[in-house]
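The following paragraphs lead through one protein model, from its charged pairs to its helices and the way they pack. Please keep the sequence and the coordinates at hand while reading.

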Amino acid sequence: MDTQAMHIANGIVNGPVSAIFAVIAVAALAYCVRRGRDDLDERLAPMAGLVAAFIFAVQMLNFQVLPGISGHLLGGTLAVILVGPWVGALCVSTVLIVQCLLFGDGGLTALGLNITNMALIGTAAGYLLVVALLKVLPKTPASLSATALIASIISVVAASQGFVLEYALGGTTDLSLPTISGTMAGVHILIGIGEGLIAATTVATVARVRPDLVYALRRFRSAAPTPTEVPA
C-alpha cells in the first residue's frame, strides 16, 4: 500500500467501510448542492468553473516530496476562499469524479472515501480556519494571503488524517496506525506548504484586482455594519 498518496485505490479500505463513506459523501454533496444554490450568482458561477479547472490542472501535477514519495495539491482552501464552502466542496468533488472515471486516479469503490477526505474534510477544515482568522485579521489582500497559507496547510493535513480514520475502521493491510498517521501527516505538511504558497499568491492577486470576486471578502464585508451617515 502506498500510504503517501492522497488518492485511495480500490481494496485498501474494505467494502463495508467504503460503502458507508460513499453514502456519507452522497448525502453531504446533496446538502452542498442545496446550500450552494443560494450562493450562486452571476459572479460566482463563472468563478466556480475557473476554480474547478484550476484544481483539476494542479491535481494532475504530481511532484516529488522526498525520495520515493510524491503527492499533489488539493485546492480545497483556495476553493472555499474564492467560491465558498458549499460550491467549493462541489468543485473539488467534480474534479475527483472526473479523475476517477477518466484517468483512473483513485479507485471507483474508494470514490466516496476520496470525496470525504479531500472535498469534505479538507474544505471544511480550510473554511473553518479561514472564518476564524478573518474575524481577527484586517480584510486586506496581505491578510487573506496569510490566511490562505495557514488554512491550506491545516486542511491538507486534516484530509490526510481522514484516510487514517477510514483505515482504522476498515484497513486491509497490517501497517500500524501510528506509522500511517505519522507518515501521512509529515508528507502532507510539506504538500500543504506548497499548496499554501500557490493559494496565497492566487487569492492575493484576485483580491487586489477584483475583490468582489472573492467569496471570503464579500461574506465578511456584507456582514459588517454600515457606518452611520453624518447629517450635513
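A salt bridge is a side-chain nitrogen of Lys or Arg within 4 Å of a carboxyl oxygen of Asp or Glu. The model under discussion is a predicted one, and under this criterion the count comes to two salt bridges. One of them joins aspartate 212 to arginine 210, with the closest N and O atoms 2.8 Å apart. Because that separation is within 4 Å, the pair satisfies the criterion. Aspartate 212 has a relative accessible area of 26% and is partly exposed. Its partner, arginine 210, is likewise described as partly exposed, at 39%.

The other salt bridge links arginine 43 with aspartate 41, and here the closest N and O atoms are 3.9 Å apart. This value also lies within 4 Å, so the pair is counted. Arginine 43 is partly exposed, with a relative accessibility of 31%, and aspartate 41 is partly exposed as well, with a relative accessible area of 25%.

With the charged pairs placed, the overall architecture can be set out. The chain has eight helices and two strands. Read from the N terminus, the order of elements is α-α-β-β-α-α-α-α-α-α, which places the two strands after two helices and before a run of six. The chain holds 232 residues, of which buried residues make up 48%.

How does the end-to-end distance of helix H2 agree with the span expected at 1.5 Å a residue? Helix H2 covers residues 44–59, a stretch of 16 residues. The expected span is 1.5 Å times one less than the number of residues, which gives 22 Å for H2. The end C-alpha atoms of H2 are 22 Å apart, so the model agrees with the expectation.

Which residues of H2 are buried? They are Leu44, Met47, Ala48, Val51, Ala52, Ile55, Val58 and Gln59. Viewed down the axis of H2, these buried residues fall within an arc of 140 degrees and therefore line one face of the helix. The general geometry behind such a pattern is that an α-helix has 3.6 residues a turn, so residues three or four places apart point the same way.

Leucine 44 is one of the buried residues of H2. Its relative accessible area is 1%, and because buried means under 20%, leucine 44 falls in that class. The C-alpha atom of leucine 44 is separated by 8.8 Å from that of valine 87, although the two residues are 43 residues apart along the chain.

The next topic is helix packing. Two packed helices are described by the angle between their axes and the distance between the axes. Helix H1, residues 15–39, and helix H5, residues 111–136, have axes that come within 7 Å and cross at roughly 45 degrees. H1 and H5 are therefore oblique to each other, and their crossing is left-handed.

Helix H3, residues 76–83, packs with helix H7, residues 177–209, at an angle of about 15 degrees, and the axes are 9 Å apart. That angle makes H3 roughly parallel to H7, because angles under 35 degrees are classed in this way. H3 passes H7 in a right-handed crossing.

Several valines connect parts of the chain that are separated in sequence. Valine 131 is found in helix H5 and is buried, with a relative accessible area of 12%. Between valine 131 and isoleucine 81 there are 9.5 Å from C-alpha to C-alpha, and the two are 50 residues apart in sequence.

Valine 187 lies in helix H7. Is valine 187 buried or exposed? Its relative accessible area is 5%, so valine 187 counts as buried. Valine 157, found in helix H6, which comprises residues 141–170, is also buried, with a relative accessible area of 18%. Valine 157 and valine 187 are 30 residues apart in sequence, and their C-alpha atoms are 8.7 Å apart in space. Valine 156 and valine 187 are 31 residues apart in sequence, with a C-alpha to C-alpha distance of 10.0 Å.

Terms used
Residues are numbered from 1 along each chain as its sequence is written. This is a predicted model: local features need pLDDT of at least 70, side-chain atom pairs count only at pLDDT 80 or more; totals for chains, interfaces and linings use all residues. Side-chain values use heavy atoms; hydrogens and water are left out. Buried means under 20% relative accessible area, exposed over 50%, partly exposed in between (1.4 Å probe, protein chains only). Helices (H or I, at least four residues) and strands (E, at least two) are DSSP runs, numbered from the N terminus. The arc is that of the directions from the helix axis to the C-beta atoms. Axes are lines fitted to C-alpha atoms, for helices over the stretch in contact, and angles run from 0 to 180 degrees between N-to-C directions. Angles under 35 degrees count as roughly parallel, over 145 as roughly antiparallel, 65 to 115 as roughly perpendicular and the rest as oblique. A crossing is left-handed if the near helix is turned anticlockwise from the far one by less than a right angle, and right-handed if clockwise.
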